[in-house]
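Please look through the sequence and the model below before reading on. The paragraphs that follow go step by step, and it may help to find each named part in the picture as it comes up.

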Amino acid sequence: MDINFIILKFVYAAIVVSVIMGLCSYAVLAERKISSWIQGRVGPNRTSLPLIGSIPVLGPFLTRLGVFQPIPDGLKFLFKEDVVPGHVNKFYFIMAPVISLVPALTTVVVVPFGRIVTDAGEVVPLVLANVNVGLLFLFAISSLSVYGIVLAGWSSNSKYPFLGGIRASAQMISYELAMGVSILPILMWVNNPGLEGTMNLFDIAQAQNGFWFAMWMPLSAIIFLVCLFAETNRLPFDMAESETELVSGFHTEYSSFKFGLFFVGEYAHMVIGSCVFTLLFLGSWNPLPFVTIDMLGWGAGYIGAALSVAIFLGKMCGLMFFFMWIRWTLPRFRYDQVMKLGWKILLPLSIANLIAYVFIIYYLDTSL
Amino acid sequence: MSIVIKRKPLNFLERIYLPEIARGLATTFRRLWGKPVTLEYPEQRPTIPEGYRGVPTLVKDPEGREKCVSCQLCEFVCPPKAIRIKPGAISEDSEFAHVEKGPQEFDIDMLRCIYCGLCQEVCPEEAIWLQNDYSLSGYSRSEMVNDKEKLYELGGTLPDLHFKWKKKQEAAAKGSGH
């Protein structure tokens, strides 16, 4: 492993992380705009940049669209007063936002976001680390982020964050079970007997050249999606925050940049969650079911690679839109309803789904 | 008496929740393309209804006479004591010398004013009117006190139905009291 290789990996990592951060900041803008459109409002429409804002038609249009809004939003997080209340446990209070953001950014490492055909005709994923246990790694790391929320709730040493932390931990642990069980049918289907076993996300993505998994495992997809909402703490499952009852939940005591880390962490989780759902269920970079880029004849070289990335990001953005769309459609569940849904409905349903697919896959593998 | 509202029992499709979520999503999706109802304030202003109580002002009648005769009823009735009047005499050589009195100073402290409209209601001369302006701002407390000049500038001229003092003058010229 020579030094160039390591530097190249660093550069790739920097690019991917900055793209994710950019996506996060524009996801915040998209959230604000979509919220306001659904509610019959206008949304952020004032922020303008000196030069671009004064271009005749384009400038006012972009300003009205709020395109420059993420810049002051980000600056605000940096320059506001950073209050650390006297009653908190300082060490864990400062550590909590870091712990909640780092797992989200770490999981990016194993998520393939496109594919490229090499000169040798081999299809290679565009990914930072093509790990064979990709999916397992992803679940292991992303479940760590609950520690950030629990720590924030606990170290804040006041009642609302504490309640938020408790709720978040209960919820995330309960939904992780159903989430894990719901993807087992996919792994069974991808790992044909006689082949080398894999949990590689790229292999799972490439297995969807025909049917997308959302089409022939719809129940898995729905359970996974519901759990994804719960895991990312999005409405209707934002028990941890639930601003109408708990002020702001686990980050009540946080301000300025520390709050910004939580905020970005939430959106980073959304981005990664959407990526994973696209990879597992929505056929990743295949434009349509049964149609791959290679079949259309555009799959070769860098153009094919760019096209695959574009399709993947497009699907991911669609899913992000779905996240925001759901937010203004469904009211928040009550805490006991969340627990009931998780333990009494989703978990048994996912197990039944697993058993059903065990028989279906067994039948398909043996008789066909 | 208690009223029992009968709820229709949910059917199977409603109980599995997902079709209903889809219906809700359709509703919000339609709203997504709806026209915003926002009034973009500084550029667009609301239409002010008839009888709106905005900033209190002093008005002149169409002949250009200051209608206020500094009777100080408004000063007396003003609940937050926002009005301060210093009465004065109208000079002998004025066109309106027969009115005799007018305000020498007239201050309304807009930091105290509660826009109740009692001054307008109590005024026997219809000299003080609450008009349409509702958005006031200033950099200091003294800037927020409207003096006489400012009040007339805000008030302008309003039509007069009576020309009370003119009639009085004409009646006096004929020799009758009224």
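How much area do chain B and chain A bury between them? In this predicted model, the two chains bury about 1400 Å² between them, and 67% of that area lies on carbon and sulfur atoms. The contact is made by 15 residues of chain B and 19 residues of chain A.

Charged and polar groups also take part in this interface. Two salt bridges are found across the interface of chain B and chain A; in a salt bridge between Glu40(B) and Arg64(A), the side chains meet at 2.7 Å, N to O. On the side of chain B that touches chain A, the residues divide into nine nonpolar, three polar and three charged. Across the interface there are also eight residue pairs in polar contact, with both residues of each pair at pLDDT 80 or more.

From the interface we can turn to the salt bridges of the whole structure, where a search over all chains finds 15. Within chain A, the side chains of Arg234(A) and Glu31(A) meet in a salt bridge at 2.8 Å, N to O. This pair links distant parts of the chain, for Arg234(A) belongs to the loop between α11 (218-231) and α12 (243-246) of chain A, while Glu31(A) belongs to helix α1 (residues 3-38) of chain A, and the two are 203 residues apart.

Chain B offers a sheet to follow strand by strand. Which strands make up this open sheet, and in what order? There are three, in the order β2-β3-β5 of chain B, and their pairing is antiparallel. Because β2 (83-89) and β5 (145-146) of chain B stand at the edges with a single partner strand each, one side of each is left without a neighbour in the sheet. In general, the strands of a sheet pair through backbone hydrogen bonds, in either a parallel or an antiparallel way.

The pairing can be traced residue by residue. β2(B) and β3(B) are joined in the antiparallel sense over seven bridges, and Ile83(B) stands opposite Ile108(B) in β3(B). Ile108(B) also has a bridge partner in β5(B), namely Asn146(B). Two bridges join β3 (residues 101-109) of chain B to β5(B), and Asp109(B) stands opposite Val145(B) in β5(B). Finally, helix α5 (residues 148-155) of chain B lies across β3 and β5 of chain B, running at about 85 degrees to β3(B).

Note on methods: Residues numbered from 1 in each chain as written. Chains lettered and ligands numbered in written order. Predicted model: local features only at pLDDT ≥ 70, side-chain atom pairs only at ≥ 80, totals over all residues. Heavy atoms only, no water. Pairing = 2+ DSSP bridges. Helix = DSSP H or I, 4+ residues; strand = E, 2+ residues; numbered from the N terminus. Contact = heavy atoms within 4.5 Å. Axes fitted to C-alpha atoms, helices over the stretch in contact; angles between N-to-C directions. Buried area = accessible area lost by both parts, 1.4 Å probe. Salt bridge = Lys/Arg side-chain N within 4 Å of Asp/Glu carboxyl O. Polar contact = N/O pair within 3.5 Å; in protein donor to acceptor, adjacent residues only side chain to side chain. Nonpolar A, V, L, I, M, F, W, Y, C, P; charged D, E, K, R; others polar.
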